Structures are given as C-alpha cells and as structure tokens.
Amino acid sequence: MTIISEIDAHFTATSADDKKAAAAGVNAFVRAERTSAADDAEDVVRLHRVSRRFGTTQALKDVSLTVRRGEILGLIGRSGAGKSTLIRCLNGLEQPDDGVIEIEGHAITGLSEKALQSVRSRVGMVFQHFNLLSAKTVEQNVALPLKIAGYDKARRQARVAELLALVGLEDKAKNYPAALSGGQKQRVGIARALAASPALLLCDEATSALDPETTRSILALLQSLNQTLGITILLITHEMEVIKKIAHRVAVINGGEIIEEGPVWQVFAHPQSQLTRTLLQGLLPQLPEALAERLTPVRQGEAIYSVHYAGQGRQGEILTLMAAELPGQFRLIQGGVDHIQHYAIVRFFFSVPVDNAASEQAVLHWLEQHQATVELTGYVSSNA
Ligand SMILES: Nc1ncnc2c1ncn2[C@@H]1O[C@H](COP(=O)(O)OP(=O)(O)OP(=O)(O)O)[C@@H](O)[C@H]1O
C-alpha cells in the first residue's frame, strides 16, 4: 500500500491532491505543533454555539462544550442524539452550519482539506470496531500514522516498540489482527491512535463491542494513559457505566443539545434532566419488583421513602449513622453506597409503619438535618 492510500484508509480524506499535500505537510506541522505555545492552552477542544442541520433534522443545536487539557470528558447520549455528528465536526469530516470549533486554540471551521489534515494529526481516534488494516501486522498498523507523519524507519520502530509496551502487546508485534482477541485489537487501536502523540484521544464507543471484563481492562488502560501521559480524552458512549468508571466530567446530549454537564459525581448524585435519570437507572438501586407492583398512593400499611445523598469522607457513612441513631425505627429495603471521585453517593429505600407516626417523623427529621433528599415513593399494605 502506498502512503497515499494509507492516508485514505486512515483518515478518509477526499481529494488525491489534498492527500498528497497532507502527506508532505503533516510532518512539518507535527513538529511545529509540538513546540507551539498552543501546547499550554488550557482547553484542548472548544465548541462555541455549534449547529448542524440535515434538512429538517437539527443534528447539533447551539452546542458549547470544552474539553480541558488532561481531563477525561464523557459525552453520553442515546442513538440519534448527535454524537457522531459532533465527532465528524471535530475531525473536520463535517462542517457546522454555525458556530466555532477550536482544537488547541486553532479554529478548524472553514479550513481547507489540507489544513484539516494537520489538525487531524492532533486528534487520535479510537473506534468501536477497531478499524485495523487486516493485511498489516500489529506493528505495521501502529506504525501507520508515524509513516504518514514522516518518521524514518528507525524512529518508527523505536516508537512502535514503546507504544506496544504501553498497551501490553509487546509479544504480538508480528501478529495479524485476525489472530487477536477484541480487547487486543482495541489495544492496537489505542496504540495507533497515540502514535503521533496527539493532544486528544477521541474514543467513539471504544468499548461497546467488548464483553464486560475486556471493557474493564480497556477502561483501566485509558485511565492509566490519562494518568501517566496526561493525555486528554473525549469518551463518546451510550453507557453510564463507562462514564462512571473513568470520566472526570460528563456532558449529556439529547436531540443535538447538551442538556446537562458537570463533574461525574455531581451528575450521578443530582441528575437534573429526566433523560439523565433514565440513563442512570440501571446503576441505581430499584425497589424489588414484587414490592414496586404493590405500591399505592393511598396512605396505609407502610410508607416507603427513597433517599439520596452525596458527601465526602465520613459523611458517606450516613446509612451506618442512621441505623445507629434510630435503632428499630425504620426498615432498610434496598440500596447502599457508591464511591465516585472521592464522593460517597448514598441511595436507599426504607419503610416505616404509618401507624407509628412518631418514628416516621423522627426518621424524616433526622434525614432533613443531615441534608439528605427524601421522597415519598408510596405505600404498601402490611397484610398483602
Ligand atoms: N448525513 C446525514 N443526513 C441526514 N441526516 C443525518 C445525517 N447524519 C446524521 N443525521 C441525523 O442527525 C441526527 C443525529 O445523528 P448522529 O448520527 O449524530 O447521532 P448519534 O448520537 O451518533 O447516534 P448513534 O449512537 O446511533 O450513532 C439523527 O437524527 C440522524 O438521523
């Protein structure tokens, strides 16, 4: 494969002239970028009021978002929310109708294809289905961006060895993708994305094709690369579990709009939108089905309350304290403590008999004093 067709396979550039220009120009750009003042910029990605329409479909609507240097930002949304459109705008495959997109302080909107190739070299892409070249070995796949960037053979070999060690695949250098597991393929994809030392790793559903155990190991790898190399990561996903495991901040996109954004612990503790609550549902304790079916709004039998609370340090022990200070006054039904970013997120359901109004009041008063959020879920008759 020639270098031009390799660029084609890798970046989906459009015209042959652009590809040639990119191949010639990219190396100089990479060197220039490494030493530019932009490396110190605080935000690696900045979107300001970006919109993109397809006919009557508003795929992105007034999206403003930043990815700060060194952070892992999770972007979550359901199918059709606008995630792919946002990625395509970020790597220049799509032009927004309105708004500005900056990568390391450089506006990329309205750039020529040639100039865009340079910007793309600052963004490493990790794909859901790995996108490895099946006719190339692991080391050749990883070397591809380095070849495009003009590294000579000796430098390429040294860098590839370094990258394969980084992702734990030193012994697979000569293997072809077909001989690798899904997790190993994704490690190759990550090594390739990191090859030219990009400023940003854009992970598009990077674990969606993997089983839970492999997902955990890939997320652990991404987290360790973030911590050891300081690489900035934009993690696109439809799974809150992924966000919870490694992201620092999360933005929720729906109908092309960012509807909620904040530190992961905060969004988990105090979701503002109904969609976020729905996305979180699988991760939150639920009432046992048999009990949920018996719920009624008519006051009788036992009152069932849900509690949620977020606190740091010993404040996370609210459940233990409550049991110690209100012995026998409530019954714990379901729930517990989750730990996210040094915060304890406490969620549980409890019940109190309605004929014991003193206990009910004491428990509610205690929770209010401890700044917990309490909601009445409903009632169940005691004799059912
Ligand atoms: N080229 C296009 N032409 C017409 N409509 C498009 C085009 N690309 C995207 N859309 C529409 O824009 C909206 C956002 O699509 P997008 O692919 O960005 O969503 P998504 O969040 O990536 O979904 P998924 O998770 O299923 O990939 C959808 O309604 C989609 O049908």
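In this tour, helices and strands are DSSP runs, a helix having at least four residues and a strand at least two, and they are numbered from the N terminus. With that in mind, select strand 1, residues 43–54, and find Arg49 within it. The model you are looking at is predicted, and in it Arg49 has a phi near 50°, a positive value in a residue other than glycine. Is Arg49 buried, exposed or partly exposed? It counts as partly exposed, because 13 C-beta neighbours lie inside 10 Å, whereas a residue needs 20 or more to be buried and 12 or fewer to be exposed.

Next, show the whole protein chain and colour it by confidence. The mean pLDDT of the chain is 87, and 88% of its residues reach 70 or more. Residues 1–40 should be viewed with care, since over this stretch the pLDDT is below 50, although the model gives it 57 contacts beyond near neighbours in sequence. For the complex, the predictor gives an ipTM of 0.97 and a pTM of 0.83.

With the whole chain still in view, switch to a cartoon, in which 14 helices and 14 strands can be followed. Of the 384 residues of the protein chain, 40% count as buried. Among contacts with a separation of 6 or more, 71% are between residues 24 or more positions apart.

Now select residues 45–280, where UniProt, in an unreviewed entry, places the feature "domain: ABC transporter". Over these residues the chain is 39% helix and 27% strand, and the C-alpha atoms at the two ends are 26 Å apart.

The ligand is the next stop. Which residues surround the ligand? Select Phe54, Thr57, Ala59, Gly77, Ser79, Gly80, Ala81, Gly82, Lys83, Ser84, Thr85 and His238, and the shell around the ligand appears. By kind, the residues of this shell divide into 3 nonpolar, 8 polar and 1 charged. Strand 2, at 57–68, and helix 3, at 83–90, each supply at least two residues of the shell, and helix 3 gives the most, with 3 residues.

From the ligand, go to Phe130, which sits in the loop between strand 6 (123–126) and helix 5 (138–148). Phe130 is not a glycine, yet it has a positive phi of about 70°. Phe130 counts as buried because 20 other C-beta atoms lie within 10 Å.

Then select helix 10, residues 264–269, and pick out Ala269. This alanine, Ala269, counts as buried, with 21 C-beta neighbours inside 10 Å. What does Ala269 touch, once residues up to four places away in sequence are left out? Its contacts are His308, Ala310, Tyr343 and Ile345. Add Tyr309 to the selection as well, and the viewer should show Ala269 and Tyr309 at 6.9 Å from C-alpha to C-alpha, although they are 40 residues apart in sequence.

The tour ends at helix 14, residues 357–369. This helix has 13 residues and reaches 18 Å from its first C-alpha to its last, close to the 18 Å expected at 1.5 Å a residue. While looking along the helix, it may help to recall that an α-helix has 3.6 residues a turn, so residues three or four places apart point the same way. Finally, select Gln371, which follows helix 14 and has a positive phi, near 55°.

Methods: Residues numbered from 1 in each chain as written. Predicted model: local features only at pLDDT ≥ 70, side-chain atom pairs only at ≥ 80, totals over all residues. pLDDT = per-residue confidence, 0-100. Contact = placed C-beta atoms within 7 Å. Expected span 1.5 Å × (residues − 1). Near = placed C-beta within 6 Å. Nonpolar A, V, L, I, M, F, W, Y, C, P; charged D, E, K, R; others polar. UniProt positions renumbered as here; feature names shortened; annotations may be inferred.
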